[in-house]
Each structure stands twice: as C-alpha cells, then as structure tokens.
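Here is a short report for someone meeting this structure for the first time. Look at the sequence and the model, then read on.

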Amino acid sequence: MSGLGIAIVIHVLAVVWWIGGLAFVTAVFLPAVRHGLGSDPRAAFYQIENRFAPQARIAVLLIGASGLYMLWRLHAWNWLAQASFWWLDAMILYWLLFVLLLFVLEPAGLLKRAIHGAADEAGMWRRMQRFHLLMLAIALIIIGAAAAGTHGF
Ligand code: HEM
C-alpha cells in the first residue's frame, strides 16, 4: 500500500474512533444522565470524560498529521480556495476547534468550571447535550460531504 493509502486508512479510522465516541456521549450517555443515571451524574461524566479525552486527543493528532500529509502528497493546497471543496475547509476548521477544546480549554479546567459552577444542574446537562448534538451534527455533515466529494459526487 502506498503512503497515501496508509494515510487515508489512518485518517478514516481515527475519524471513526473519535466521532463514534462523540456519538455515544451525545446519543446514549448524556440522555441517560439527564434521565437519572446513578446518584452522582457528575462523577459518572468525569469517569467517561477522563477515559475518552486522551483517546480523542490521539485521534485528533492522527487526523491532523494524516490530513496534512494527504494535502502535501496530492498537491492539493489550491483545493482550499475552491468552493466545491468547501468540506475540506470545514474539516480543517472543525479540527482546529477541537485542538483548542482538547489541548487548551479542557486542560485549563473550562469543562470542570462549567459543570461545577452551574447553579441549575438540569439546565447545565441540557446545554451540554445541545452542544454535543451540534458538534455531532456538524461532524456528520462534514463526513457525508467528504465521502461524496472525494468520490466526485
Ligand atoms: C487538519 C485537518 C484535516 C485535514 C488537513 C484533512 C484533509 C483531508 C484530505 C486531504 C482528504 C483526502 C481528500 C481526497 O482524497 O480527495 C481527507 C479525507 C477525509 N477526511 Fe479529512 N482532513 C482533516 C480533518 C478531518 C476531520 C476533522 C474529519 C471529520 C470530522 C475528516 C473526515 C474525512 C473523511 C471522512 C475523509 C474521507 C472521505 C473518503 O475518502 O470517503 N477530516 N481529509
């Protein structure tokens, strides 16, 4: 398999791992928390978060490295300026947002402050689920558009 082939395999598998985890948190875990999972939902959330965040960081690093390698190998920098490749710009913006969230804001304690500082706990979980739902919806749009776009549809 060529370097390009290896890069696309790594890229897609890392996307599956990361966005699959995001889908689980959004569609299974947070609804369970909101409907009374256990006596201490904050502790349950931290348990999940502490395990998933390092995995998401590794996936995000692999996605960035393989994506940049593909851009370089395909001589595709000019695609970034073409409207029909909007999904490529969207991928990079989405990736940058998560670099900020996972490598800067979360280690700085933003998530813990948001969870512990909330006076209205039910409202906090609702906002948390809405945020995850928005991020998941954007990821699905990007993945769908990338799958169609790379195959010329
Ligand atoms: C720095 C960030 C990123 C860069 C530079 C990048 C770059 C690329 C490139 C160059 C391709 C191959 C295009 C082609 O073969 O014509 C690709 C494919 C793909 N990317 Fe990204 N990407 C990045 C982030 C992401 C993110 C965050 C996602 C998901 C949310 C994503 C999902 C995909 C998918 C699903 C494909 C494969 C489509 C297919 O072959 O069916 N990428 N990416």
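The text below covers confidence, the ligand shell, the cores, one helix and two backbone angles.

**Confidence**

This is a predicted model. The chain has a mean pLDDT of 93. A pLDDT of 70 or more is reached by 100% of its residues. Among the elements, H3 has the highest mean pLDDT, at 97. Helix H4, residues 110-117, has the lowest, at 80.

**Around the ligand**

The ligand is surrounded by 22 residues. The closest are Gly-67, Met-70, Met-91, Trp-95 and Ala-146. Four helices each give two or more residues to this shell. They are H1 (3-34), H2 (41-73), H3 (86-105) and H5 (121-150). By class, 18 residues of the shell are nonpolar and four are polar. The shell has no charged residues.

**The cores**

Which residues make up the largest nonpolar core? There are 11. Ala-14, Val-15, Trp-18 and Ile-19 belong to it, along with Ala-56, Ala-59 and Ile-63. Leu-88, Met-91, Ala-139 and Ile-142 complete the set. H1, H2, H3 and H5 each supply at least two residues of this core. H1 gives the most, with four residues.

Another core lies apart from this one. It has five residues, among them Val-25, Phe-29, Trp-125 and Met-128.

Met-91 has two roles here: it is among the residues closest to the ligand, and it belongs to the largest nonpolar core. Ala-59, also in that core, has contacts beyond its sequence neighbours. Leaving aside those within four places, Ala-59 is in contact with Ala-14, Trp-17 and Trp-18.

**Helix H5**

H5 has 30 residues. From its first C-alpha to its last, H5 reaches 43 Å, close to the 44 Å expected at 1.5 Å a residue. Its buried residues are Trp-125, Met-128, Ala-139 and Ile-142. H1 and H3 are included in what covers them. Trp-125 and Met-128 are in the five-residue core, while Ala-139 and Ile-142 are in the largest one.

**Two positive phi angles**

Two residues with positive phi are listed here.

| Residue | Phi |
|---|---|
| His-75 | near 50° |
| Gly-152 | about 80° |

Gly-152 comes just after H5. His-75 is a residue other than glycine, yet its phi is positive. Where does His-75 lie? It is in the loop between H2 and H3. Is His-75 buried or exposed? His-75 counts as exposed because 8 other C-beta atoms lie within 10 Å, and the cut-off for exposed is 12 or fewer.

Notes
Residues are numbered from 1 along each chain as its sequence is written. This is a predicted model: local features need pLDDT of at least 70, side-chain atom pairs count only at pLDDT 80 or more; totals for chains, interfaces and linings use all residues. A residue is near a molecule or strand if its C-beta atom, placed from the backbone, lies within 6 Å of it. Ala, Val, Leu, Ile, Met, Phe, Trp, Tyr, Cys and Pro count as nonpolar, Asp, Glu, Lys and Arg as charged, and the others, Gly among them, as polar. pLDDT is the predictor's confidence in each residue, from 0 to 100. A nonpolar core is a set of buried Ala, Val, Leu, Ile, Met, Phe, Trp, Tyr and Cys residues joined through C-beta atoms within 7 Å. A residue is buried if 20 or more other C-beta atoms lie within 10 Å of its own, exposed if 12 or fewer, and partly exposed in between; C-beta atoms are placed from the backbone. Two residues are in contact if their C-beta atoms, placed from the backbone, lie within 7 Å. The expected span of a helix is 1.5 Å times one less than its number of residues.
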